[in-house]
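User: Please take a close look at one part of this model, the open sheet and the strand inside it. Then go on to what packs around it.

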Amino acid sequence: MKYTFQTSTCRENTNAEKYVLREKLFGTNEVMPLWVADMDIDTPDFVLDAVRKRLEHQIVGYEELPQSAFLAQIEWMKKEHGVEFALEEMLYSHSVVASMNVAIEAFTEKGDKVIVQTPVYPPFFHSVIEHERELLKNPLKLRDDGTYTFDIEDLKSKINEKTKLLLLCSPHNPVGRVWRREELEQILELCVKHNIVVFSDEIHSDLVYAPNVHIPFASLSADARDITVTAIGIGKSFNMAGFAISSVAIQNKILRENFLKVYNRTHFANGSTLSHVAFEAAYRDGKEWLEELKIHLYKNFYMLDELCKKYPHYIKLTPIEGTYLAWLDCRGLGFGDRELRDFFIHKAGLGLSAGISFGREGSGFMRLNFAISSDKMLEVIKKLDEALLLKCRQ
Ligand SMILES: Cc1ncc(COP(=O)(O)O)c(C=O)c1O
């Protein structure tokens, strides 16, 4: 392997959100932060070198996102995910969540219903509520083997003529599913039948573990192309969220124009010059690094899995297909949600995301971000092992 990911650059005393907000979120700085979804893994050199090179030019003025950047992305999407987008279908956005908010405004009106499949990344439901749209909750179904799937019957029973938009998380944060074609097709059938636009958040699509394969929603069929707004972020894959750049692909011209009408009002324009360069470099040169990263991430997950197997009555680790976010079923510990959070903070010294923040269905769960160096992962395992052992002895 060319990259080892054994260590990573220290982020303490930088403005890293994951560290800076510890006191506010956990009441102490004495926790290893395993919450917000960026990586404690160095942003790759081919990205940083491209930025350094750009800075050799003395002027950093307004710039357009160059065609070559989108062409690099289009090529990546075709090779990696088997979906073909044309240049005119691609739009810049500084953030996937911002794009989601634009979609809510563009495709729904106050009082319309927007489908959200909980437990899910909190901005999905916050965005709907903030826009005064009605939240149509279609909770995922938890199966006996600890994995989740869509609850299509529940969805069928709730859709009505006010239902205008579905916010799909694919792959899914926090439950780690990479949706199968048959599952997506069921969603598609319903959305086509009821004229529902699908906002498909595919920000985690590059972080999928073999043999699982990410299927872009827009690639399902011509019908899917017609109703889908695909949000693709690069921040997760190459740990460059700080560049604040992502993109949106909309193949249906009318949907694209409606999206743009709202988008242009916000005046987000074209983003930052340095992010353009970083974006292109990642798509152009990122394949080898990303493949090695995924091997590393899966090793970390495996370590966590081995640990959880030592305490099966306390923690069940949800099988993972994609993302670097482990979903821990901690109901066996017998704590309420506050106590559970406190256990991780004060007994294990770990700052995780509370499952309940992803929706009521997340009660009794915790989300652990395992995108860290192997040295740090060993530390996490040690801390959690000690806390669980102590709990056993009580
Ligand atoms: C599913 C999902 N969508 C969007 C985001 C955030 O994307 P952005 O920073 O581009 O708004 C995250 C970050 O954790 C995420 O997990």
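Analyst: Two strands count as paired if DSSP finds at least two bridges between them. Strands (E, at least two residues) and helices (H or I, at least four) are DSSP runs, numbered from the N terminus. The model is predicted, so local features need pLDDT of at least 70 and side-chain atom pairs count only at pLDDT 80 or more, while totals for chains, interfaces and linings use all residues. Residues are numbered from 1 along each chain as its sequence is written, and side-chain values use heavy atoms, with hydrogens and water left out.

The open sheet has four strands in the order β11-β12-β15-β14, with antiparallel pairing. Its edge strands, each paired on one side only, are β11 (316-317) and β14 (353-354). Strands of a sheet pair through backbone hydrogen bonds, either parallel or antiparallel.

Strand β12 covers residues 325-329 and is joined to β11 by two bridges, the two running antiparallel. Across this pairing, K316 stands opposite D329, and L317 stands opposite L328. Towards β15, β12 has five bridges, again antiparallel. A326 has L368 of β15 as its bridge partner.

Five of the five residues of β12 are buried (under 20% relative accessible area, 1.4 Å probe, protein chains only; exposed is over 50%, partly exposed in between), so the strand is largely enclosed by the rest of the structure. In a regular strand the side chains alternate between the two faces of the sheet. In β12, L325, W327 and D329 point one way and A326 and L328 the other, all of them buried.

Strand β15 also links the sheet to helix α14. The buried residues of α14 pack against β15 (365-369), as well as α1 (17-20), β1 (32-33), α12 (287-310), α13 (337-348) and β13 (350-351), where contact means heavy atoms within 4.5 Å. Those buried residues are S374, K376, M377, V380, I381, L384, D385, A387, L388 and K391. An α-helix has 3.6 residues a turn, so residues three or four places apart point the same way.

The length of α14 can be checked too. The expected span of a helix is 1.5 Å times one less than its number of residues. For the 20 residues of α14 (residues 374-393) that gives 28 Å, and the end C-alpha atoms are 29 Å apart, which agrees.
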